[in-house]
Amino acid sequence: MEYAQGLTIVIPVHNRAHIVCRTLASVEAQTLRPLRVVLVDNASTDNSLEILRSWAKAPHGLDVTVVEESRHGATAARNRGLEEVKTEWTMFFDSDDTMRPNHCERALSCSDDADMVGWNVCMHMPYGRTSIKRFYCGDAQFHSLFHGSTATQRYMARTSLFRRAGLWNEKIKYWDDIELGARLLALKPRIRHAGKQISVDVFFQKESITGTSYSMRTKDAETALKSIEHTLGKEKELWIDTKHAILAADCTREGSPEGRKILDAILLRHNGARRILLKSVYHFRRFGGRGVARLIRPLL
């Protein structure tokens, strides 16, 4: 398939009438032209669709397409949006986050001889706390799994790469971006970093697609990890079970008995030094420790 030069942003929207205008305003403020935008209304029951259609008709100089996807879920909506993409590059974005005015122009300027371009983002947590989340080019699979560097808002990729990887897995309901990231990186793409400048703001809240509770999504998380293990291979089993141990600790910190169940299940698969390592990861994280994956990277 021949792709036109340029970039398309795909944004799924579900019941975001109260907040999507902030995201759309940040897209409208982009300095890059031409710029194509595909908005996918995902069975909204509020007036999100009306807002999207109205914005698409506004004189902002963007090429905007609005489509509908009745199958519920961000993965289905993103796949529907990707069907409309005819440009060389695709950037998926969420309907409750924002991009700063030079974001798309800067990303595209770094795309020569690349298949993926990533950037750092500013994460806005509840209660006003912020943190910088980095994108990593080196040791990419590790950082994708443990640090979410292929989270939806942290990179763009060639449209052909998304299609070669098999699109979004619609059976994955949690960590779907990390699962897709594993398959993208397995194709050995050429990766570039757009630099230290922050140009995306991610607002983490209860109504976000991923939500804020781990213990409510353990089954979905384990489904994603099983798929990621299939992609990475049996030799990365310790990676996957370390991620399980971190998930178990987060659940325990939330007061859920699922945490111990997850830990006990993974410990059955290991003995000796590996068993001690996984227990250590669990307890370190359970009592508030951060950065455990970096600490034990030489052991994985």
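In the predicted model, 7 strands are arranged as an open sheet with the order β3-β2-β1-β4-β9-β6-β10, and their pairing is mixed. The edges of this sheet are occupied by β3 and by β10 (191-193), each of which has a single partner strand, so that one side of each is left without a neighbour in the sheet. From one strand to the next, the twist averages 20°. At the β10 end of the order, strand β6 (residues 116-118) pairs with β10 in the parallel sense over 3 bridges, and within this pairing Gly-118 stands opposite His-193 of β10. Helix α2 packs on the sheet, where it touches β1, β2 and β3, and its direction makes about 160° with that of β3.

The contact between α2 and β3 is accompanied by a charged pair, since Arg-53 forms a salt bridge with Glu-68 in which the closest N and O atoms are 3.0 Å apart. This pair links distant parts of the chain, Arg-53 belonging to helix α2 (residues 48-57) and Glu-68 to strand β3 (residues 63-68), at a separation of 15 residues. Both partners fall in the intermediate class of accessibility: Arg-53 is partly exposed, with a relative accessible area of 40%, and Glu-68 likewise counts as partly exposed, at 48%.

A contrasting environment is found around helix α3 (residues 74-83), in which Ala-74 lies. This helix is mostly covered, 9 of its 10 residues being buried; the buried residues are Ala-74, Thr-75, Ala-76, Ala-77, Arg-78, Asn-79, Arg-80, Gly-81 and Leu-82. The elements that cover them include strands β1 (4-13), β2 (36-41), β3 and β4, together with helices α6 (159-165) and α7 (176-186). Ala-74 has a relative accessible area of 16% and is therefore counted as buried, the limit for that class being under 20%. The C-alpha atom of Ala-74 is separated by 8.4 Å from that of Glu-170, although the two residues are 96 positions apart along the chain.

Arg-78, in the same helix α3, meets Asp-94 through a side-chain salt bridge with an N to O distance of 3.0 Å. Because Asp-94 lies in the loop between β4 (87-92) and β5 (98-99), the pair ties together parts that are 16 residues apart in sequence. Both partners are buried, Arg-78 having a relative accessible area of 2% and Asp-94 one of 8%.

Altogether, the structure holds 22 salt bridges. Among them is the pair formed by Asp-250 and Arg-285, whose closest N and O atoms are 2.8 Å apart. Asp-250 lies in helix α9 (residues 237-253) and Arg-285 in helix α11 (residues 272-286), so this salt bridge ties together parts that are 35 residues apart in sequence. Asp-250 and Arg-285 are both buried. Elsewhere, salt bridges that share partners join Glu-88, Asp-115, Arg-158 and Arg-190 into one network.

Helices α9 and α11 also contribute to the largest nonpolar core, which has 33 residues and in which Leu-145, Phe-146, Trp-175, Ile-228 and Val-281 have the most contacts. The elements that give two or more residues to this core are α5 (140-147), α7, α8 (218-232), α9, α10 (258-267), α11 and α12 (292-296), and the largest share, 9 residues, comes from α9. When neighbours within four places in sequence are left aside, Val-281 is in contact with Thr-242, Ala-245, Ile-246, Val-292 and Ile-296. Apart from this core lies another one, of 32 residues, among them Leu-39, Ala-114, Met-123 and Met-156.

At the level of the whole chain, 12 helices and 11 strands are present. The radius of gyration is 19 Å, close to the 19 Å that the globule rule gives for 300 residues, so the chain is as compact as a globular protein of that length. Taken along the principal axes, the C-alpha atoms fill a box of roughly 65 × 40 × 35 Å. Of the 300 residues, 56% count as buried. Among contacts with a separation of 6 or more, 75% are accounted for by residues 24 or more positions apart.

Notes: Residues are numbered from 1 along each chain as its sequence is written. This is a predicted model: local features need pLDDT of at least 70, side-chain atom pairs count only at pLDDT 80 or more; totals for chains, interfaces and linings use all residues. Side-chain values use heavy atoms; hydrogens and water are left out. Helices (H or I, at least four residues) and strands (E, at least two) are DSSP runs, numbered from the N terminus. Buried means under 20% relative accessible area, exposed over 50%, partly exposed in between (1.4 Å probe, protein chains only). A salt bridge is a side-chain nitrogen of Lys or Arg within 4 Å of a carboxyl oxygen of Asp or Glu. Contact means heavy atoms within 4.5 Å. A nonpolar core is a set of buried Ala, Val, Leu, Ile, Met, Phe, Trp, Tyr and Cys residues joined through side-chain atoms within 4.5 Å. Two strands pair if DSSP finds at least two bridges between them. Axes are lines fitted to C-alpha atoms, for helices over the stretch in contact, and angles run from 0 to 180 degrees between N-to-C directions. The radius of gyration is taken over C-alpha atoms; the globule rule is 2.2 Å times the number of residues to the power 0.38.
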